[in-house]
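New to this one? Have a look around first, and then we can walk through it together.

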Amino acid sequence: NHILAALRDLKNIPNEPFLALHLSGGTTELVYYHYQGNGIFESHIVGGSKDLQGGQYVDRIGVALGLPFPAGKHLEVLALQTTEYDPLPSSVKDGWISFAGPCSAAMRRISNSMNDIEKSNLARAVFTSIGNALEKMITYHLQNKPVRTLIAVGGVMSNSLLRKRMEIYCKRNRMTLHVAQPQYSVDNATGNAFGAAYL
């Protein structure tokens, strides 16, 4: 349903195989899809996170910085206040992400004496490390499953920094990117409705 929410603007479903990235508080998955018709998808989870989910990473750092939960939108506001940041690591092995290490590294930087500039710096570093990991993961899987379309969905993908990263990445790799409009990224009921109307 999340994937269908991103496809609703197209008003159709690609016939060729495509990759779908689902990034939310409960899920970090890269799924290979091939539409078979009549509402049936052949799908295989090919990558994702082995530990923390993308949204959990964002929320843990945001809450530790004193932001409300869920912290995604608040951490994004902080991140957009600067282009400067001290990099955090991004860990990807055999096409699978580990967010636990980068999250621990970010946590070690947090202190009660942090000023607003330092908080913005860290927020920017968090989203940059997520973007780096996503690019590494997708690049790995494109070697085995070359596709021309990427669908990016889920609450975390409503983040403007990550959407921009994926836009640039797809353009560089000659892929078409489809994302749900931000107001629909967090609501898979709109995808369900589109899927029913499509059928």
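Here is a short tour, from the overall build to the smaller details.

## The big picture

Keep in mind that this is a predicted model. The protein contains eight helices and seven strands. Measured out along its principal axes, the C-alpha trace would be described as spanning about 60 × 35 × 25 Å.

How does the overall spread fit with the chain length? For 199 residues, a compact globule would come out with a radius of gyration near 16 Å, and the protein has 17 Å, so the two agree.

## The sheet

The seven strands make an open sheet, and if you walk across it you meet them in the order β4-β5-β3-β2-β1-β6-β7. The pairing in this sheet is mixed. At the edges you'll find β4 (91–93) and β7 (176–179); each has a single partner strand, so one side of each has no neighbour in the sheet. On average, and ignoring direction, neighbouring strands here are turned by 30° against each other.

Let's zoom in on the β7 end. Strand β6, which covers residues 149–153, pairs with β7 in the parallel sense, over four bridges. To spot this pairing on screen, look for T149, whose bridge partner in β7 is T176.

There's a helix here, too. Helix α6 (residues 160–172) lies across β1 (18–23), β6 and β7, and runs at about 160° to β7.

## The largest pocket

Now for some empty space. The largest pocket has a volume of about 340 Å³. It is lined by 17 residues, and the closest to its centre are P70, G72, K73, G155 and V156. Which elements give two or more residues to this lining? They are α2 (54–64) and α3 (72–79). The largest share, four residues, comes from α3.

What is the lining like in chemical terms? The residues of the lining split into six nonpolar, eight polar and three charged.

## Two backbone details

P70, one of the residues closest to the centre of the largest pocket, is worth a second look. A cis peptide bond joins F69 to P70, with omega at about -5°. If you want to find P70, check the loop between α2 and α3.

The other detail is at N38. N38 has a positive phi of about 55°, although it is not a glycine. Where should you look for N38? Go to the loop between β2 (28–37) and β3 (40–49).

Technical notes. Residues numbered from 1 in each chain as written. Predicted model: local features only at pLDDT ≥ 70, side-chain atom pairs only at ≥ 80, totals over all residues. Heavy atoms only, no water. 1 Å grid on protein atoms, 1.4 Å probe; cavity = no way out; pocket = protein on both sides within 12 Å on 5 of 7 lines; lining within 4 Å. Points joined across faces, edges and corners; volume = space filled by probe spheres on them. Nonpolar A, V, L, I, M, F, W, Y, C, P; charged D, E, K, R; others polar. Pairing = 2+ DSSP bridges. Axes fitted to C-alpha atoms, helices over the stretch in contact; angles between N-to-C directions. Contact = heavy atoms within 4.5 Å. Rg over C-alpha atoms; globule rule 2.2 N^0.38 Å.
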